[in-house]
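Here are a few strand-pairing exercises to work through with the model open in your viewer. Try each one before you read the solution.

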Amino acid sequence: MALTVFTGGTVIVAADRTGGVDVAAAIAFEDGRVVALDAAADELAGAEHAEVIDLAGGTLVPGIGEGHAHPVLGGLEAIGPNVRGAADVAGILTAVADWKRQHPEAEWIVGASYDATFAPGGVFRAEWLDEVTGDTPTILRAWDYHTAWVNTAALRAGGITADTPDPDLGRYVRDADGTPTGTLQEAAANDFIANVVPPFSLEDRVAAIEAATRAYAEQGTTWVQDAWVEPTDLPSYVEAARAGRLHTRVNLAFRADPATWRDQVATFGAQRDEIRALAHDRLSANTVKFFVDGVIENHTAVLAAPYADRPDERGLPNWAEDELIAAARAFDLAGFQLHIHAIGDDANRIALDTIAAVQATNPARERAHVIAHVAMLAEDQVARFAELDAIANFEPYWAQCDAVMRDLTIPHIGHDREGWQYLIGSVLRAGATVSFGSDWPVTTKDWRPAFSTAVTRHSHLEPDAEAWLPDERVSAGEALSAYTAGTARQALADDRGSLHIGMVADAVWLSADPLAVDPNTIPSIDVRGTWLAGERTY
């Protein structure tokens with residue numbers, strides 16, 4: 001019987017969504033569960049078989065959850081040119097040129113994630129890449145993963161010309177004469193990746209999963225929602241699980257396709273059965289992902305009123321509303337959790353209406369359906385999350401007025417709707433469950449800067465900056481709850497999310513108490529250890 005006792009610091013046993021916190025001075029884990037707190041844990045420290053860990057003045061908190069991320073995509077970024085580190089278009093081109101020089105045998109150049117603010121309106125041109133890639137087909141994804149930039153050779157490989165019609169649910173951004181610029185949006189980008197670009201090998205994908213989950217373990221994350229799983233991803237996860245290369249728990253969300261969802265109901269059920277047959281405690285597949293819309297930065301998020309800078313544009317909906325409701329009902333009846341991407345205010349209204357329709361017709365059960373991002377929310381929709389018992393999954397690192405917000409987002413939606421964004425405090429005060437995530441690799445997977453941003457509503461790198469939409473700040477206790485209890489509910493795990501007696505022993509040892517320090521310093525807190533069901537993973 002493995003017995004581990006922690007003493008010499010603070011134990012945050014639980015944080016609830018009102019900011020309330022339970023603490024203890026000592027804690028004991030045995031056989032993967034919490035078995036004792038305070039004096040009872042101290043007594044167990046004397047047991048002959050006990051491993052005693054001195055927290056050295058640090059703090060033990062429940063394991064951190066990641067409510068929305070893309071581990072495969074994030075892990076695969078390391079294979080291509082490092083365009084994320086570039087400071088301008090010239091920097092991107094230098095990174096691509098360096099990679100091509102180091103890989104002269106490459107038949108394709110595939111990379112991510114470039115900063116879309118480097119070009120006016122986020123429109124990047126094929127001829128810019130041609131200068132450093134020549135005839136080697138090249139595709140780079142923007143950091144939003146809803147947009148891609150290709151060179152002329154790639155356009156040629158995809159058969160894309162001025163006469164090529166836009167795909168359903170996507171756009172080839174064009175010059176006035178119809179010539180493709182080299183910027184692809186939504187399905188135009190995703191279909192190109194799926195159908196034209198050569199796939200990564202199985203080993204590359206498994207290695208990406210291993211690297212990603214190891215990095216998550218190193219930062220104290222014990223559960224991750226992979227929020228976009230295609231059929232090509234399933235063998236990679238199965239192999240990673242069988243080979244012992246998963247270092248945190250991962251739940252898979254299969255992407256529902258508006259054109260083929262009726263066939264997918266049975267297919268996803270069979271794939272879920274395949275994962276359950278593995279009986280691996282670090283891999284599950286309980287969720288189906290729906291993209292209601294795109295993103296504000298490329299004008300594909302769905303708004304109730306037109307974009308401020310495009311009065312004839314309201315966005316690009318991925319689903320007809322009646323079809324989305326029919327699909328959601330079918331997957332709900334099949335026992336799946338719904339995970340609905342909604343960015344624009346009308347997309348969030350559609351997502352909430354969809355959950356309401358499911359509840360009105362399907363048998364009652366604990367659903368824990370999720371609306372992810374909730375980037376824009378009209379005031380009259382705030383209370384509906386609690387009324388429908390829907391989980392609002394926010395990416396709190398986005399809740400700051402950075403270059404993207406200043407140069408792209410606000411100009412697109414207008415200042416009159418600026419205050420509709422990332423209403424974390426309002427949704428929480430209305431009584432809803434809030435979970436936090438990162439959308440990595442869109443932004444950093446590190447929960448510590450995001451935690452800080454949720455509390456301050458500005459970057460920790462600018463500690464004296466004014467809070468952006470300060471009424472939407474949350475307390476440190478509320479932020480910790482979103483990362484622990486909130487993500488545990490999202491994970492359908494009622495025995496995780498706290499360190500009360502009997503709960504699963506998922507925990508992270510921090511060098512300082514994130515509830516007690518200046519929130520601007522939270523990103524500098526060190527992670528000293530991570531435990532997953534009592535097993536040390538870092």
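Two strands count as paired if DSSP finds at least two bridges between them. Keep in mind that this is a predicted model.

**Exercise 1.** Work out how β15 and β16 pair, and how the chain gets from β15 to β16.

*Solution.* Start with the bridges: β15 (residues 249–255) and β16 pair in the parallel sense over five bridges. For a marker, take Phe254, which sits opposite Val288 in β16. Now trace the chain: it leaves β15, passes through helix α9 (residues 261–278) and arrives at β16, a β-α-β crossover that is right-handed.

**Exercise 2.** Find what β16 pairs with through Thr287, and decide how enclosed β16 is.

*Solution.* Thr287 stands opposite Gln337 in β17. Strand β17 (residues 337–342) runs parallel to β16, and five bridges join them. The chain gets there via helix α10 (residues 321–333), in a right-handed β-α-β crossover. Next, check burial, with under 20% relative accessible area as the cut-off. Eight of the nine residues of β16 (residues 283–291) are buried, so the strand is largely enclosed by the rest of the structure.

**Exercise 3.** Which strands stand at the edges of the sheet that contains β4 and β1?

*Solution.* Write down the order: the open sheet has four strands, β5-β4-β1-β6, with mixed pairing. β5 (33–37) and β6 (50–54) each have a single partner strand, so they are the edges, and one side of each lacks a neighbour in the sheet. From one strand to the next, the twist averages 25°. Finally, zoom in on β4 (residues 27–30): it pairs with β5 in the antiparallel sense over four bridges, and Phe29 is opposite Val34 in β5.

Definitions and conventions. Residues numbered from 1 in each chain as written. Predicted model: local features only at pLDDT ≥ 70, side-chain atom pairs only at ≥ 80, totals over all residues. Heavy atoms only, no water. Helix = DSSP H or I, 4+ residues; strand = E, 2+ residues; numbered from the N terminus. Axes fitted to C-alpha atoms, helices over the stretch in contact; angles between N-to-C directions. Buried < 20%, exposed > 50% of the residue type's maximum accessible area, 1.4 Å probe, protein only. Right-handed = clockwise from strand over helix to strand, strands pointing away.
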